[in-house]
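Work through the exercises below with the sequence and the structure in view. Each task is followed by a solution in steps.

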Amino acid sequence: MRHILSVIFENKFNAIPRISGLFSGRGYNMNSMSFGEGEDPETTRATITSEGDDQIIEQIAKQLNKLVDVIKVVELTYEPFVERELALVKVQSSASTRAEIMQVADIFRAKIIDLSHKTITIEVTGKEDKVNAIIEMLQQFGIREIARTGIVALKREFQK
Amino acid sequence: MTENKKNPGKSMTGSEILVQTLVDLGVTKVFGYPGGKVIGLYDVLDRTPGIQGILFRHEQGATHAADGFARATGMPGIVIVTSGPGATNTVTGIATAYMDSIPIIVFTGQVPSAMIGNDAFQEADIIGITRPVTKHSYLAQDPGQIGQIVREAYHIAITGRPGPVLIDLPSDVLAASGEHHPNEHVMIRGYNPTYKGHSQQINKAADMLNTARRPLIYAGGGVNIGLASEEITEIANRGQIPVTTTLLGLGAFPEDNPLSVGMVGMHGTWYANMAMMECDVLMCVGARFDDRVTGRLNHFSPNSKKIHIDIDPSCIAKNVAVDIPIVGHVKKVLPDIVKKIKPANTKEWLEQINCWKNEHPLKYSKRGEEILPEYVVEKVAEMTNHQAIVVTDVGQNQMWAAQYYGFKRPRQILSSGGLGTMGYGLPAALGAAIGCPDETVVCFTGDGGFQMNIQELTTAVQNKIPLKIVLLNNGYLGMVRQWQELFFERRYAMTVLSDGNPNFMKLAEGYGAVGLQAQKLSDVEDVIKEGLKIKRLPVVMEFIICPEENVFPMVPAGASLDEMLENGK
């Protein structure tokens, strides 16, 4: 099962390798990891998605918490949360396929952000499965390159 | 760590700030080996009163010595080495300390800041290399930070679950001047170990112990580190609860107490392993359900409810599911349990255990004039009144020492448990002897492990350390040979040392130590007697032991704790 961990840590020297090294060193699975400055400029927030049973994920959270630089670890999996991923997809295109590609982008509410004689670059934002879906739909035209951010997520505050 | 503008500190070089901060923290001994990038630092160290540098002959030796010093005294061991190879030579020592939660602080020289990353002469990314085996690490980037870094490192090393901390020191940062602020407070936002246990959980644990019919306490290295052996003893005595310890927990509960069932695990006693399997409530204190203790996990202690007290939350439920987890410091949690423990009816259970003790004691059979290692350990124990600090190497010598010495007090046995580092014994024993100069320190080692850091005999001679080295020479890498005998049809691939072994007596003499040798059983006592008398010099007491003696009982790898081999059967 997919789990999402949100980790706030001091953005000090070597903090990121300590976090990522934990996954490789202890053989934990990591699907994506994204980093960015947190609300306090001295901190960074990492959003990590990992696969595993609850016991493994609990271990990962505990091991992350043990790192001196880590201030807080929140597992979002069992809480309501909002998540987004952004992807840039460069698709091969010719005059004959351009319209069809733009139609696909339109359906997924993606934006065209670059165009050349031979390619179209599409920016898509959404949940991971939406990003996967548009990529799948674009495969038939020939995908040149993909850049994905990995997932970012926050707890949803509004709850009934 | 920012500069204090209102109250400028005294201007000092990075090296001076470092040494002064160590002195302020109460450090009196530093273990190490100099080199290009730390010449200036050693220069300051050498002319600072109140702190002494001790030269080892290999950085690994210095690091194990710091580890031994820390295990014996409870104070962090300090290591200073140079960059590159000096730094990489400490890695095994750091990993050893990490696995056993031992507080050491390792200062490594580094190439000047501007050259980092250029593959400069004697450059190594030591922070990267040691990242998985340190509790934390620092790169000093400004001399004014060094004081605060050292104080933080000291705090991190000894608090919570202790562990090694590394500080990398580019040579320009050591040489430059900065402001020294000696009294800044240590506050680390992400580091707040839990000390006090959850009171409801503690109540539940006490109730569970009080209602148990077959309770067992399983005490680990955490009880030695946390100095909670009195509390363990009180709980055991009051509730009439038997106690088993891990290798690192030996000494946390006196083995002459009738409630002691000795060591548990792969080479634990028959009765400790059976008690583990048959108990109905198991209280694990400061231990981590290591694979050498549990045997096959899915058949470990199948009928017990489990209580687990540990300062490190990540140790809990890592290998074994527990019913009552308690995160906290043993010294804070156990007194609350002591208060609630009632005399319980465990008579039948204790009778059962005594029955196992009588039927399956630790035993070995004498074979004529051949020297048996178990006998040597027993004799050394007897003649040191079970009071020496015992340091072991790794392998058969380690297990015989653990099984037959009969430990009575905390911090009495120093052994590389988690990493199983051969070559640990001699340098760690030196560290212990330097930390506890009034105690007898005995190092049990083998002809394999002894040769892995044998250069430190010089350090012992030079510093006039009366170390008692008990060399159990069987001419083999004994523990591996034992496995080959039992599981590889006696094919002794690369484990025969006898053909190449040096003359250890001449070797001892060459180093300026005393060498004594026993070749037959009747010599053993005289050699030990003689060896224990020697002052101001290390002695190598070599015992030519029965070459194919094995360590039993033994739980084969992957077997359950109740599937023990005794005498190879």
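**Exercise 1.** Decide whether B:Ser101 is buried or exposed in this predicted model.

Solution. Count the C-beta neighbours of B:Ser101 inside 10 Å: there are 24. A residue is buried if 20 or more other C-beta atoms lie within 10 Å of its own. Therefore B:Ser101 counts as buried. Next, locate B:Ser101: the loop between helix H5 (91-99) and strand S5 (104-110) of chain B holds this residue. Finally, check the backbone: phi of B:Ser101 is positive, about 55°, although the residue is not a glycine.

**Exercise 2.** Decide whether B:Lys464 is buried or exposed.

Solution. Within 10 Å of B:Lys464 there are 10 other C-beta atoms. The cut-off for exposed is 12 or fewer, so B:Lys464 is exposed. B:Lys464 sits in the loop between helix H19 (456-462) and strand S18 (468-473) of chain B. B:Lys464 is not a glycine, yet has a positive phi of about 55°.

**Exercise 3.** Find which strands stand at the edges of the open sheet S11-S10-S9-S12-S13-S14 in chain B.

Solution. Write down the order of the 6 strands, S11-S10-S9-S12-S13-S14, whose pairing is parallel. Strand S11 (260-263) and strand S14 (324-327) each have a single partner strand, so one side of each lacks a neighbour in the sheet and these two are the edges. On average, neighbouring strands of this sheet are turned by 15° against each other, direction ignored. For one pair inside the order, strand S12 (residues 281-285) and strand S13 (residues 305-310) of chain B run parallel and are joined by 5 bridges. In this pairing B:Val281 is opposite B:Lys305.

Key. Residues numbered from 1 in each chain as written. Chains lettered and ligands numbered in written order. Predicted model: local features only at pLDDT ≥ 70, side-chain atom pairs only at ≥ 80, totals over all residues. Helix = DSSP H or I, 4+ residues; strand = E, 2+ residues; numbered from the N terminus. Pairing = 2+ DSSP bridges. Axes fitted to C-alpha atoms, helices over the stretch in contact; angles between N-to-C directions.
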